[in-house]
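Colleague: Could you take me through the largest pocket, with its volume and its lining, and then set the second largest pocket beside it?

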Amino acid sequence: MRIPKSLFLLFFIILLNASKSTGQCFTIESVLVDACSPNLPVNEEGFNEMVRFKVGATAINMNTTPLNVNWPNVANPWLGLLQNPSTAAKVAALNADINSAGSCGLIIEPTGGILPANAEVILVTSQNINISFNSFAALTGTIYMIFQNNPSNTGGNFANWNLIPGLRTLTMSFGTCSQTVSYERSFLINIFGAFGGAPTDNDGATVNYSPTGVPTYVNNGCNAPIPPFIVNAGASQTACKGNTISLTGTAQGQQTVLWSAPTGTFSNPTSLSTNYTIDPNATGTSITLTLTITNICNVVKTSTVVINFSTSPIPIVTSPITYCPNAIATPLSATASAGGVLNWYGTNATGGTATTLAPTPSTTSLGSTSYFVSQTIAGCESVRVPIVVTILNTGPSLNLQCVTANSTQTSLYFQFDNVGQTNYSYSYTVNGGPLVSGTFATPNFFIVNGLTIGQSVTFNLTANGVACVGSQSATCSTVCTTTTTPNFATIPPICINATGPVLALTSPNGITGTWSPATINTALVGTTPYVFTPNSIAFPCAGPQTLSITVNPIPALLINSPSVCQGVPATLIATPTISGTYSYNWTVPAGVTNPGNLPTFSVTTPGIYSAIITNTTTGCLSASASGTVSVNTNPIVAVNGPSFCQGSSTTITAIPTIAGAYTYIWTVPSGIASPGNVSNFSSTTPGIYSVIITDPTSGCSSASSSTTVSLNPNPSVSVNSSSVNQGTPAILTATPSSNSSYSFNWTVPNGLINPGNVASFSTLTAGSYSVVITDSNSGCVSASATGYVTINSDLVIDYPHYFTPNGDGIHDFWNIKGLDNFPSAKIYIFDRYGKLIKQILPKGPGWDGIFNGSLLPATDYWFTLDYIDASGNKQFKAHFSLLR
């Protein structure tokens, strides 16, 4: 969306006038303007908006300097603050959500109306905040929460995004200390970082303020206006394998940063901005990089970015290529694409060094060999393409074989095929003796004579003058009439890595030969056959013998390391990693009784416990393993619950001896709701309050600690009334209802000197005199009591002392009769604060108890009667009661 130039001018004006502050005792930091909230049955945005501010260097006492707020929506008045068990339950639920998210932040309500110096504070627009929206999961520190006493107004207190520009202003004040901040509603952004869209797209619109009040517009979605914990690894990129690219991740609220990838290297993996070099041998079409951040609570968040590989076409090759053995090969070839350069890697499917020279394959050995080539176009290398070169005898087979039917006990008959050869080359050995060789053209068989019983002949044959016909070999033996078997004894099982016995080269019955394998391998667990082959020359009619030798594993075990609380036994368990029957040998700390041959036992002494086990079947012993028993200290807690006065509340606080994060379980007097998992709460009920705290790290709980909270009664007081003649002092006396030490605070008619802290005094002035007393021992304060002084004049004023405006026709109006001789008399009626309620004439019907169309409450009201007699202007003052 294009922003008109006029809006930029408006934004400049906002920057100049963003913050007006008188006494910087606090600073507004953030405003959640468009709060997330349920939309059915009604939108509850007015319950869920928030303002975050920071207290200055001096604590704020909200009792003496109460908070006042002028909302941007002027139709919504400031409704004052509320703190009660309901708000405590909201805070407890939010803390539970923070804890379940794995974070370590803490929300608390102020104690005694005090916001500490430098405290971070969240003002919520209603005690009915919906905790399912606007998450506090990213909170890592301690924040105070206060609630506007707004039980029913769901309408928003701010102005959400609108295409039409409009400057909106918020003013907060504590007494004479105030701050004003502004924002331009058309600058609010949605969750996509743009303007406008559906209402749900704009949910989460927030304005952050600098210390000087300059606004910044952000949208972190349905989150509270606290610093978020977010990470973004950036947008996908496309690059060639082996190239180096630049990465720029973004994050907030992190303590550590770490880039990782399956392959490749980072220039600085612990920086949000880094360079990444792609592995030139990476497989697949892309690679995923991961950016991981960790906050102060050790909560981890990750974001990934995909790097797609640029691909070049592969060169064109011919494969497979076949050669006969020892044929003359030519260099391999491939066809590159336009602009491509061939890269030859020899037999390296991965790695290796490329060259532009094509290799010439070797033909000396039968089998297949793969050679690899790629091409580079515009700096991007293709994948490697194999060219398979196979060395193969493609001609007919000699089919060399030993024909038993034509062999005897002294000769062996070898037969083979005619393959078009010019002649044959042959060689043979008898029982591995000297080599006999020669050539012949025909026939297609060969007889080795002069043999004895049991002798073995290995015959080799090559056809000459033909291509691609392979040489062949065959081994046969003359027939033995009897066979002798070596008689080596069975070797018992051996423990792994133990020194095994030497395999003898002569059997007990005198047969010599060799073993395969030649030595016993005790490094490999299992049963291995060891084959003894007799010397075929010395013992042509001796058969082989196989010994199966078993190597057993060394047992291993795991010992747990239990961590228990004081007074709770720890159970140690030795667990073999391989099933079997074992004996146990323990080593325990000094002073602990050795449990003997047991796999598990319980102890109360911390320290290191070690064990060695023996497999009772194989006799193999394990290495020593150990576990550590840790005994955690149980926390200790005290409870503070000051006594309080009628009509007020007290704050009950659990005080651990060691500071830390604990869970709290309270036991409270019958009839009141449990405060839940909180360290302190307010109560208006006396009685015994107990708490048990648990350290969530160790799981250890304290013993129960309790305090008794007392309710002190408020004192009561009465004041006499006095009617005296002019010039005669009237004596006013405040009389408490019970004996104690009190201080007296009088309210006297305007213009009189206050008598101060006295129980009784005299006056010559008519009017009402009120007093409030304070019990010096409990600090509890009485309700106000009032006495009246009347100064008699020549005119006797007979006025009604009460009236009952209930429509029953009796005493429905209040007026003074008997003033017919004073036609200019006027009567003025006031409330107890001196506000004029009504002016009436004695000849009229009087006052009906209504002010501005509303029924006034039942209480005392004051009046003055102004009249003129022979001596001049006179005024009479007194009071009466309205009863309902």
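Modeller: What follows describes the two pockets in turn. This is a predicted model, in which local features need pLDDT of at least 70 and side-chain atom pairs count only at pLDDT 80 or more, while totals for chains, interfaces and linings use all residues. Residues are numbered from 1 along each chain as its sequence is written, and side-chain values use heavy atoms, with hydrogens and water left out.

The largest pocket holds about 950 Å³ of space. A pocket here is an open set of points, on a 1 Å grid over the protein atoms alone, where a 1.4 Å probe fits, with protein on both sides within 12 Å along at least five of seven lines, and lining residues have an atom within 4 Å of a point; the volume is the space filled by probe spheres set on the points, which are joined across faces, edges and corners. Its lining counts 39 residues, and Asn 95, Leu 106, Tyr 662, Tyr 664 and Ser 679 lie nearest the centre. Among the elements that give two or more residues to this lining are α3 (85–100), β10 (142–148) and β52 (663–667), and α3 supplies the largest share, eight residues; helices (H or I, at least four residues) and strands (E, at least two) are DSSP runs, numbered from the N terminus. By residue class, the lining of the largest pocket divides into 21 nonpolar, 16 polar and two charged.

The second largest pocket, with about 830 Å³ of space, is lined by 26 residues, including Asp 831, Arg 832 and Trp 862 among those nearest its centre. There β62 gives the most, with five residues.

Notes:
Nonpolar A, V, L, I, M, F, W, Y, C, P; charged D, E, K, R; others polar.
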